[in-house]
Each structure stands twice: as structure tokens, then as C-alpha cells.
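These are my notebook entries on one protein chain. I record below what I looked up, entry by entry.

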Amino acid sequence: MSVETKAPRVPCCSKLKLFLVSLSFVYFAKAFGGSYMKSSVTQIERRFDIPSSLIGVIDGSFEIGNLLVIAFVSYFGAKLHRPRLIGIGCLIMAAGAFLTALPHFFQGQYVYETTLSHIPEENSTESILPCLANTSHLVINDLSTAASKAACEKEAGSSMWIYVFLGNMLRGIGETPVMPLGVSYLDDYARKENTAIYLACLQTVGILGPVFGFMFGSFCAKIYVDIGSVDLESISINHKDSRWVGAWWLGFLVSGFLMLLAGIPFWFLPNTLAKQCKSPSKKRQKQDIQAKSSSDTPEVEPEQGSFIPEDNTEEDAPQPVTMAAMAKDFAPSLKRLFSNKVYLLIILTSVVAFNGFIGMITFKPKFMEQVYGQSPSKAIFLIGSMNLPAVAVGVIVGGLVMKRFKLSVLGAARLSIVSSFLSFCLLLIQYFLQCDNSEVAGLTMTYQGATEVSYQQESLLSQCNMGCSCSLKHWDPVCARNGITYASPCLAGCQTSTGVGKEMEFHNCTCMQELKGGLMAPPTNMSAILGQCPRKSDCDRMFKFYMAVSVLGAFVSACGGTSGYIVLLRSIHPDLKSLALGMHTLIGRTLGGIPPPIYFGALIDRTCLKWGLKRCGGQGACRFYDSHAFRITFLGLVYCLYGLANLLWGVLYLQLSKRQKKLELRSQAKATALEANGNNNPNGHAMVSIFKNKDDLDRDNESTI
């Protein structure tokens with residue numbers, strides 16, 4: 001007898017655990033690829049010389065891929081072989097990652113804009129710079145014809161970003177079956193009390209993917225894009241420069257390889273499993289038998305109870321279905337799903353919250369770069385090493401709280417509301433953690449010194465550089481000894497230079513000869529070095545406060561992630577679970593994933609003070625932003641979206657409370673009817689009335705949940 005009981009239990013548990021481990025690795029791999037894409041946004045923007053609004057479209061192509069197939073995958077996939085569909089998705093994601101990296105191998109070498117390339121290379125220690133009366137060596141991009149520009153753009157491969165767009169879209173298509181089919185598969189064959197901790201494990205391992213993705217993105221951002229094919233000694237910029245492009249393509253190759261490995265186990269897993277079994281002690285088995293024999297009513301689990309009335313009929317073995325039958329049932333299933341008021345409120349809340357999260361995480365590295373003067377690689381590294389581990393710990397804590405206190409659906413909703421509100425309060429604190437704008441002559445400074453070396457409005461020209469005939473379109477910043485940044489050595493009025501490459505230094509700069517107080521600067525203070533000047537020391541201190549608040553906010557927000565999922569899973573009918581998760585992902589990705597990078601990017605573009613120049617002429621990527629306007633625009637959008645999400649959580653909680661009261665009244669009526677039936681009606685007529693009443697409540701549930 002013991003052999004018969006153990007035989008089915010061991011494989012059912014081991015296969016479910018194998019599925020959990022395999023799905024966790026897929027979550028890690030897809031999160032690694034997605035986070036690396038987020039970390040490479042700035043590098044891709046600079047490499048292809050495109051504005052932030054267009055990079056938002058490229059970033060949103062992942063959600064576009066989801067939109068194309070997720071409704072069909074979620075519905076039809078639930079009735080087909082779910083593990084194999086996940087394996088197919090992994091292959092498609094790997095192909096998308098490889099396609100994204102493809103442009104690097106077909107494009108020419110990256111040529112960054114600079115005025116220094118026009119200086120003759122000599123062995124002498126001193127050379128003449130562009131601030132001369134004779135300006136025959138100036139760039140002639142503005143004089144090029146339309147035909148020459150078209151030929152140049154074709155040669156430079158300026159449209160190669162389309163491959164990145166298509167590769168990211170392909171990744172979105174491949175990712176489609178992972179979440180709805182994987183989570184529903186786990187929830188179908190795991191014990192209800194284990195679902196929360198399993199989801200927490202998935203999300204935790206999934207968080208490790210972004211940790212490694214962002215950290216690898218930081219590593220690649222410090223490697224020059226054409227590593228191995230150019231002499232790095234000849235490069236005059238470093239990874240802190242706004243023209244620097246890192247090896248963005250390298251991480252997509254690694255991501256594709258990980259996805260290929262992650263998909264292998266799913267080809268060997270079965271379509272169905274036995275319900276996860278428990279291995280209690282003999283004493284516990286005897287107690288369970290006694291409890292069952294002494295009770296006429298079924299045992300109800302208090303924790304994570306469903307808002308769906310349970311049927312007393314036993315589940316039949318899954319019957320084979322045809323594609324025609326599934327297609328015929330698709331529209332009625334959608335109608336049943338969207339008649340659920342709680343589900344609709346969850347969808348609306350998720351869409352608003354997704355808008356805030358996607359917009360924030362997409363441009364958070366750029367926010368840290370422009371507002372606090374951090375390099376892109378350092379910003380990406382800090383997000384991966386501090387924010388994301390805090391999210392992982394928060395997800396674990398949230399799952400443990402759910403399991404420890406056995407929270408009901410209403411309790412899970414309270415946990416999500418509290419964590420959402422507290423994280424919003426921490427976001428509000430970030431508004432007061434600001435730094436002064438960088439001092440850039442002609443952009444953020446309209447005068448310099450007591451004699452007011454003034455600049456023309458919206459221009460980089462002044463009396464000190466008027467005779468130099470400088471190009472106003474190039475961004476080739478130099479940092480003066482007085483702490484002021486100039487857009488180029490020419491615009492600083494520099495006459496000579498020493499050194500080569502990154503070690504070049506400029507001297508006799510006419511725009512630096514006046515200091516505050518009207519005193520003539522000594523000769524040593526009339527020099528400048530390559531690169532933008534660093535921020536003031538107090539900005540570093542402010543940035544540390546910002547990171548502390550940001551990490552704490554990430555932890556608090558993540559604590560409500562698992563409980564929010566439980567509210568979703570327990571508010572839908574079991575037969576609609578995969579479809580509900582798929583539609584939740586579809587709508588969330590469509591309305592919450594595609595638009596935010598676009599409108600966030602478009603509004604951020606409006607804060608740009610200095611646009612770069614494309615190799616073939618025309619406007620390129622933004623090189624310098626007004627940090628005050630950037631901060632207000634970025635945080636203002638995040639505040640509006642998260643504030644609305646908190647209001648919607650309140651409405652959702654009221655609806656859940658209303659439904660909870662209905663279920664309690666129903667339970668009381670059922671208990672009263674059972675007692676009356678046992679005492680006064682041995683023929684069982686009252687039970688018929690109970691089941692009729694239950695059918696009425698089921699119909700009411702279809703339209704009111």
C-alpha cells in the first residue's frame with residue numbers, strides 16, 4: 001500500500017520542481033535581455049544618432065511583439081502543450097537577440113563628432129587650433145547637397161536601427177507564452193498555499209536577471225563600440241563623454257545564448273501533471289482521516305481564498321479539444337472575463353502603474369546622468385547593484401508575509417495598497433534632492449565675470465570668440481580652469497594645444513581671461529582640458545541621498561508585487577486563468593509598455609539645450625540637457641501616473657470589500673440552510689433550494705466581480 005502511494009507522488013513533485021527551476025531560468029534569461037536593452041538605450045541612441053522619442057519607439061517594439069500574438073497564445077496555448085510552447089518562445093527570443101546585435105557587424109566604424117579631427121597631426125608639442133581668421137578648414141556639412149547627404153547616409157547605415165527595432169519585436173513575440181502559460185501551469189498543479197511562495201521565487205530569480213543585465217550593461221558601456229578594430233589611443237573621448245558609445249551589441253549575443261540554453265528543458269516536460277501532493281507523517285494522516293470523517297462539509301482554506309464560488313463537482317480528466325471548438329469558445333470566454341469588475345479594475349490600475357514604471361526605468365540612467373552628473377556606466381551599475389537587489393528582497397519579503405500571515409484576498413490588497421502608497425511618498429522626497437545646472441557658457445550661463453562677457457540669446461557666440469568663426473553645431477566640450485564648460489575649444493577662444501588624444505590640453509583661451517571681480521587671470525588659468533566639467537562637490541552628497549531614497553522606495557514597492565498577483569489570480573475563474581493572465585499582459589504591455597517610452601522621450605527631448613550633429617549633417621542625438629527642466633518633466637510624469645495608480649488601488653479595494661461582504665452573507669445563508677436541513681427536512685428538499693440559490697449567485701458573480 002505504501003508503494004502505491006509513493007509511486008505517483010515522487011515524480012509529480014519532481015517534475016513540478018523541474019518545471020519551476022526551468023521557468024525560473026527562463027525568467028532570469030528574459031529579464032537579463034530586457035534589462036540589458038534598457039541599459040543600452042543611451043548607447044543605441046548615440047550610435048544611431050536618433051532622438052529620445054525614436055529610441056522610445058524602439059524600446060516599445062518589445063510590447064508591440066507581445067501585442068501581435070499574446071491573446072491567441074494565452075487562450076489556445078492553455079489548451080495545447082504549454083511547456084513546448086514556452087520552449088518555442090525561447091528559440092524566438094534567442095533569434096531576436098541575435099538580430100538586434102546584427103547592425104554592428106554591417107555598419108562602418110563609429111565616427112563621433114569633433115572639431116579636433118581637423119587639426120593636423122604633427123610630432124611637435126604645440127599645434128594651432130581653429131580660432132583663426134582663416135577658417136578654410138571648417139566642416140562643410142552645411143554645404144553638402146541632398147544627393148551627397150543621401151549617399152553618405154546610405155554608406156553610414158543610418159537606418160540600421162530598424163534591425164534593432166525588429167529584433168526587439170521578435171523578442172517580444174517569443175516572450176509571450178512564458179508568463180501566462182508558465183504561471184497558470186504552476187498554479188494548476190501546485191497546492192494553493194504554495195502558489196504565493198512559488199511566484200515569489202519566480203519573481204526573485206527574475207529580478208536577478210536585471211541585476212546581471214544592468215551590471216553587464218555597465219561593463220559594456222565602458223568598452224568602446226569598435227573594440228578590436230580601432231586604436232584606442234587615437235580616441236580623444238572617454239566613457240563619461242556624451243559622444244561615447246559602448247559595446248552595446250555584446251550583451252545581445254550573450255542574451256541570445258542564454259535563451260537557447262533556457263529553452264532546452266521544456267521539450268522534455270509533460271503537458272499535464274498530477275496535483276502537487278503532500279507527504280505528511282502517519283500521525284498527521286490519521287488526524288486528517290478523523291477530521292474528514294467527523295465533518296460533513298468540505299474544508300475551506302482561509303488563506304488566499306478565491307472570490308469565485310466553488311463548484312462541488314469533481315474535475316474530470318482533460319478531454320481532447322479541436323481548434324474549431326476552441327475558436328468558437330474564444331469570444332464567450334472574453335465576454336465572461338471582461339464582465340468581471342474586479343478584473344477590469346486590476347487591468348486599469350496595472351496599466352497606469354506600468355506607464356509610470358516603464359517610463360521611469362527607461363530613462364532613469366539618463367536622469368542620473370543629466371541631473372546628478374553621473375556617467376552612464378556608473379548609473380547603470382548602481383541600478384543593477386543597489387536598486388534591483390532591493391526589489392528582489394522586497395519580493396521575497398512580500399511572499400513570506402503572504403505565507404506567514406495567510407492573508408486573504410482582501411489582506412493581499414491591503415498589503416499592495418500600503419506598499420504602493422509608501423513608495424509614492426518616497427518618490428515625492430526625490431523632488432527636493434536636486435543639483436545645480438552644469439555651468440556651460442552660452443547655454444546655462446549668459447555672462448561670465450564682472451565685465452559680463454555676454455552671450456547672444458540662444459547662441460554660443462560672444463565677443464571673446466566672435467573672430468574665430470567657430471562651428472556652432474559641433475559638441476566638443478572642454479573644461480576650463482575656472483570650472484566653466486565650453487562647447488568646443490574654438491568657442492572657448494583657445495589658440496594652441498599640447499598633447500594628443502585624451503591627454504590634449506588647450507592654452508591661451510581668450511574667453512577665460514576675465515574672472516569674477518574683474519581681475520586678469522594668470523596664464524595658467526587660461527587653459528582647458530578635454531571633457532565636460534564635473535559637478536560641484538555638494539552634488540555628490542545629494543546624489544547619495546537620492547540613491548538611499550531610491551533604494552528604499554524600490555524595496556517598499558516590491559513588497560506589494562506578489563500580493564498584487566494573488567489578487568489577480570484569486571479573482572478569476574480557474575478555466576479563464578491563462579486567458580486572464582494573457583489579456584492582463586497584453587493590455588498592460590500595449591497601453592502600459594508601448595506609449596511611455598515614446599511620450600517620456602518626446603517630452604524629455606524638449607529639455608535639450610544642445611543637439612549633436614550627424615555624420616552626414618542634420619540633427620543627431622542630444623548632447624546636453626537643461627537639468628532643471630529635465631528633472632521637473634521626468635518626475636512630474638512619474639508623480640502623475642503613480643498618484644493615479646494609488647487612487648485606483650483605493651477604488652479596487654472598495655470593490656473587493658463589497659464582494660467580500662456578499663460572500664460572507666452567502667456563507668451564513670448556506671450554514672443556516674444546512675442546519676435547517678439537518679434538523680427539519682430529512683428528505684433533503686432544502687438542499688435543492690441551496691443549490692438553486694448557488695446558481696443564482698454564480699450568475700451574479702459573472703457580472704459583478
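**Entry 1: The nonpolar surface patch**

I looked first for nonpolar side chains at the surface and found a patch of about 930 Å², made by Phe-25, Ile-88, Leu-91, Phe-98, Phe-257, Leu-260, Leu-261, Ile-264, Trp-267 and Phe-268. I note that the model is a predicted one. Helix H4 (82-101) and helix H10 (250-262) each give at least two residues to this patch. I then turned to one member, Phe-268, which sits in the loop between H10 and helix H11 (282-293). Phe-268 has 69% relative accessibility, and the cut-off for exposed is over 50%, so I recorded Phe-268 as exposed.

**Entry 2: Ser-22**

Next I looked up Ser-22, which belongs to helix H1 (residues 2-39). Is Ser-22 buried or exposed? Its relative accessibility is 5%, so Ser-22 counts as buried. Leaving out residues up to four places away in sequence, I found that Ser-22 touches Pro-265 and Phe-266. I also checked Gly-263: its C-alpha atom is 8.1 Å from that of Ser-22, although 241 residues separate the two along the chain.

**Entry 3: The nonpolar cores**

I then searched the interior. The largest nonpolar core holds 76 residues, and those with the most contacts inside it are Trp-248, Phe-367, Met-368, Tyr-372 and Phe-634. Helix H16 (residues 537-558) contributes the largest share of this core, 10 residues. Another core lies apart from it, with 63 residues, among them Phe-19, Met-93, Ala-196 and Val-342. I listed the contacts of Phe-367 beyond four places in sequence: Tyr-372, Tyr-546, Phe-630, Arg-631, Phe-634 and Leu-635.

**Entry 4: Aromatic pairs**

How many aromatic pairs does a search of the whole structure find? I noted 29. In one of them, the ring centres of Tyr-372 and Phe-543 are 5.4 Å apart and the planes stand at 55°, so I entered the pair as tilted. Tyr-372 lies in helix H13 (residues 341-372) and Phe-543 in helix H16, so this pair ties together parts that are 171 residues apart in sequence. Tyr-372 is buried, with a relative accessible area of 1%, and Phe-543 is buried at 5%. I also found a cluster in which ring pairs link Phe-25, Phe-28, Phe-32, Tyr-36, Phe-48, Phe-212, Phe-216, Phe-219, Trp-248 and Phe-252.

**Entry 5: Gln-430**

Tyr-372 appeared again when I looked up Gln-430, whose contacts beyond four places in sequence are Tyr-372, Tyr-546, Val-549, Ser-550, Leu-635 and Tyr-639. Gln-430 is in the loop between helix H15 (409-429) and strand S2 (478-480). With a relative accessible area of 6%, Gln-430 is buried.

**Entry 6: Salt bridges**

Side chains of opposite charge can pair when their charged atoms come close. I counted seven salt bridges. Asp-59 pairs with Lys-38, with the closest N and O atoms 2.6 Å apart. This pair links helix H3 (residues 52-77), which holds Asp-59, to helix H1, which holds Lys-38. Asp-59 and Lys-38 are both buried. Glu-45 and Lys-366 form a salt bridge at 2.8 Å, N to O. Glu-45 is in helix H2 (residues 41-47) and Lys-366 is in helix H13, 321 residues apart. I found both Glu-45 and Lys-366 buried. Arg-623 and Asp-49 also form a salt bridge, their closest N and O atoms being 3.7 Å apart. Finally, I noted that Asp-241, Arg-243 and Asp-476 are linked in a network of salt bridges.

Methods:
Residues numbered from 1 in each chain as written. Predicted model: local features only at pLDDT ≥ 70, side-chain atom pairs only at ≥ 80, totals over all residues. Heavy atoms only, no water. Helix = DSSP H or I, 4+ residues; strand = E, 2+ residues; numbered from the N terminus. Buried < 20%, exposed > 50% of the residue type's maximum accessible area, 1.4 Å probe, protein only. Contact = heavy atoms within 4.5 Å. Core = buried A, V, L, I, M, F, W, Y, C linked by side-chain atoms within 4.5 Å. Patch = residues over 30% accessible without salt bridge, like charges linked within 9 Å, V, L, I, M, F, W, Y side chains within 5 Å. Areas by Shrake-Rupley, 256 points an atom, 1.4 Å probe, with all protein chains shown as cover. Salt bridge = Lys/Arg side-chain N within 4 Å of Asp/Glu carboxyl O. Phe/Tyr/Trp six-rings, centres within 6.5 Å; stacked < 30°, edge-to-face > 60°.
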